[in-house]
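Here's a structure to get to know by asking how its labels are earned. Have a look first, then follow the questions.

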Amino acid sequence: MTASAEQDNGESTTDTSTAEIAVYWQEEEYYHAPDSFIEQANLKDRDVFKRFALENFPDYYKEFSAMLDWYQPWDTLLDSSNPPFWRWYIGGKLNASFNCIDRHLDIHKNKAALYFVPEPEDEPIAAITYQELYVRVNEMAVYLQEALKLHRGDRVTIHMPMVAELAVTMLACARIGVIHSVVFGGFSAQACADRMVDSDSSVLVTMDGYWRDGKWLDHKEKADETVRLAAEAGHAVDRVIIFGRYPGEYRSKCQLVDGRDILINDALKAYDGRRVAPEHMDSNDTLFLMYTSGSTGKPKAAQHSTGGYLSYVTAMSKWILDIKPEDVYWCMADIGWITGHSFIVYGPLSLGASSIIYEGVPTCPDAGRPWRVAQRLDVNIFHTSPTAIRSIRKVGPDEPTKYNYKFKLMVTVGEPIEPDVWRWYYKVIGKADAAVVDTWWQTENGGFLCSTVPALDPMKPGSTGPAVPGIHPVIYDEDGNEIPEKSGKGGNICIRNPWPGLMLGIWGDPDRYVATYYQRYCRDATSKDWRDWPYFAGDGAMQAPDGYYRILGRIDDVINVAGHRLGTKEIESAVLEVDGVAEAAVIAASDEIKGVIPEIYVTLQPGVEGTGSMRQKIVDVIVRDIGPIARPRNVWLVPDLPKTRSGKIMRRVLASISNSKDTGDVTSLANPEIVEAIRKTVSR
Ligand code: PRX
């Protein structure tokens with residue numbers, strides 16, 4: 001059976017609306033969570049779906065705010081009088097650092113809040129208890145207040161590697177109402193400077209250096225460069241606060257600048273034992289900014305609230321990630337991305353769990369590293385991305401079987417996961433004994449939009465699942481017509497209703513917020529009714545007859561071949577079924593007759609030979625799984641694919657090579673050298 005309402009007959013049609021993505025993906029089999037998981041799950045009451053039905057909106061979101069401690073309860077649940085600027089839990093006052101730390105002290109002060117796992121394996125793992133976190137956050141908060149004179153509403157930029165001090169600094173900001181803007185540690189000085197300018201922040205918190213893939217990286221260099229570039233743009237950075245990767249030492253080669261640079265480990269000694277009462281923040285005060293790229297223009301900052309955001313991530317951590325205080329939870333994302341904010345720091349700590357911060361590359365020094373960490377710390381919830389799963393599989397397909405750990409739940413996020421990769425995740429990493437959730441959401445959303453509820457819904461490889469309780473999606477075609485529910489037809493996925501985790505707006509640019517997320521499908525720009533304002537996610541998706549959504553990728557990741565749109569992920573998924581293939585990326589190559597034709601870039605598993613017959617097998621499987629419409633123009637067997645520092649495959653760069661265009665600046669990639677090597681292969 002295919003999920004598609006349209007069957008491919010191999011011919012192009014001229015009457016296919018460009019909005020309608022023909023989906024040729026095979027349906028997959030269901031898997032069920034083990035009874036041992038279901039028995040202990042946080043959410044096993046099927047009644048939740050009734051309570052969270054659209055007719056009960058917005059009342060059902062009372063359940064989420066009840067998971068937090070408030071200084072003052074809210075009086076209005078949702079203010080929707082100024083669409084699309086929704087405001088939740090009006091009148092409520094709370095503090096995020098109190099909810100993530102103080103409220104656990106009575107019962108859990110001696111348990112680990114954070115484990116810092118250094119990349120060098122001979123360095124000890126540091127367990128930071130809730131009491132210790134309380135002490136460090138307080139001292140840092142007093143320092144920010146007294147020494148730097150920072151006040152509620154000021155912005156602080158944090159450009160740090162994956163270390164516990166990053167979480168401490170975020171929570172210290174939250175404690176005194178300072179808005180944090182964390183810039184991913186792998187980003188360049190230019191990116192950091194742009195964000196400092198945009199958020200008008202004059203304090204930069206950084207670290208002298210860190211370990212990555214066995215190498216010591218001098219990070220302070222980037223801070224100096226950031227200050228210089230910000231100054232060029234007319235923006236003064238007054239203070240650079242530097243943590244020592246080895247507290248008490250300064251291991252950077254860069255000179256300290258008098259009056260500007262502060263070695264914070266030394267400075268904090270004067271604040272020993274100091275405490276500060278958490279600021280009573282309004283529910284709609286901004287907790288943090290998180291920059292994300294749009295399809296065009298400069299990065300924009302999603303501005304997340306205190307009450308709505310924290311309620312949402314707490315509920316999602318409890319219901320979808322099944323986090324409990326006794327769990328040891330490891331999310332391999334970077335805190336510099338939204339996944340790390342929501343699901344390394346705020347969600348797990350709000351629930352009193354132990355959350356792991358791992359400094360380096362998962363496969364350093366070898367492919368067994370993640371499983372040694374899991375075994376040693378007895379990790380029982382594991383959270384990662386399809387790209388990480390594919391690269392872990394590539395370097396160590398049998399490694400997980402050699403270690404003794406047991407996950408109750410595993411998470412995937414960030415991109416569509418190919419069913420073949422999903423099955424490997426479930427069977428080999430999960431030992432076929434864990435629940436898996438495929439969570440679809442975005443920086444702008446705070447927390448999940450679609451996922452199975454792990455104890456209630458079966459899993460289906462390659463599908464994110466139905467919407468999470470409270471979220472009500474709709475799929476539109478290009479003209480704004482609703483695509484019938486469960487029809488298997490693709491279109492643009494939107495969310496009918498507002499929800500508490502949705503950003504407050506884009507920092508300093510309300511018009512861009514409206515234009516990017518609402519203009520496309522707003523039914524009446526003068527309407528005060530939230531029903532007229534569906535949220536446009538920018539992803540293609542289809543809903544199968546069982547109600548599960550399959551995300552086809554960003555709208556611009558969809559290839560339109562002769563009037564048929566094909567999700568790049570569908571093709572990649574087919575290619576991954578071929579034995580010996582490690583990774584695949586599909587791009588749209590221009591074609592005079594058909595508009596575009598797919599081209600495939602493939603890396604092979606170690607020891608597999610790149611032959612003509614391998615190329616033929618790949619073509620055959622695409623034609624078999626999807627149809628002649630998807631037959632690629634070329635299959636390029638390459639040693640590696642260009643990737644960002646966060647591991648996303650840069651299909652744009654590959655498309656430029658295929659289309660003989662300039663690739664633009666590739667120096668910020670994790671592996672810029674591969675671009676030239678691929679170009680040579682392709683031009684031969
Ligand atoms: O295209 C979707 C994809 O990642 C985009 C959001 O990226 P970002 O804001 O960086 O946030 C990533 C982590 C939440 C989405 O528009 N995406 C995210 N999760 C999934 C996904 N695509 C398919 N399946 C997912 N589970």
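A residue counts as near a molecule or strand if one of its heavy atoms lies within 4 Å of it. This is a predicted model, where local features need pLDDT of at least 70, side-chain atom pairs count only at pLDDT 80 or more, and totals for chains, interfaces and linings use all residues. Residues are numbered from 1 along each chain as its sequence is written, and side-chain values use heavy atoms, with hydrogens and water left out.

Q: How many residues surround the ligand, and which are the closest?
A: 15 residues surround the ligand, and the closest are D438, T439, T443, D539 and R554. Strands β20 (435-439) and β25 each supply at least two residues of that shell.

Q: What makes the pair between T439 and the ligand a polar contact?
A: A polar contact is a pair of N or O atoms within 3.5 Å; within protein, one must be able to donate a hydrogen and the other to accept it, and residues adjacent in sequence count only if both atoms are side-chain atoms. A backbone N or O atom of T439 lies 2.7 Å from a nitrogen atom of the ligand, so the pair fits. Polar backbone atoms of G414, at 3.0 Å, and P416, at 3.4 Å, also have a ligand nitrogen as partner. The protein covers 88% of the 540 Å² of accessible area that the ligand has on its own (Shrake-Rupley method, 1.4 Å probe; for residues, only the protein chains shown count as cover).

Q: Why are β21 and β22 called paired strands?
A: Two strands pair if DSSP finds at least two bridges between them. β21 and β22 (residues 490-495) have four, in the antiparallel sense, so they pair. One matched couple is I475 with I493 in β22.

Q: What makes β21 and β25 edge strands?
A: In the open four-stranded sheet, the order is β21-β22-β24-β25, with antiparallel pairing. β21 (473-476) and β25 (549-554) each pair on one side only.

Q: Why is helix α17 called mostly covered?
A: Buried means under 20% relative accessible area, exposed over 50%, partly exposed in between (1.4 Å probe, protein chains only). Eight of the eight residues of α17 (568-575) are buried, so the label fits. Among them are I571, A574 and V575.

Q: What makes both faces of strand β18 covered?
A: I381 and H383 on one side, and F382 and T384 on the other, are all buried. β18 also pairs with β19 (residues 409-413) in the parallel sense over four bridges, and H383 stands opposite V411 in β19.
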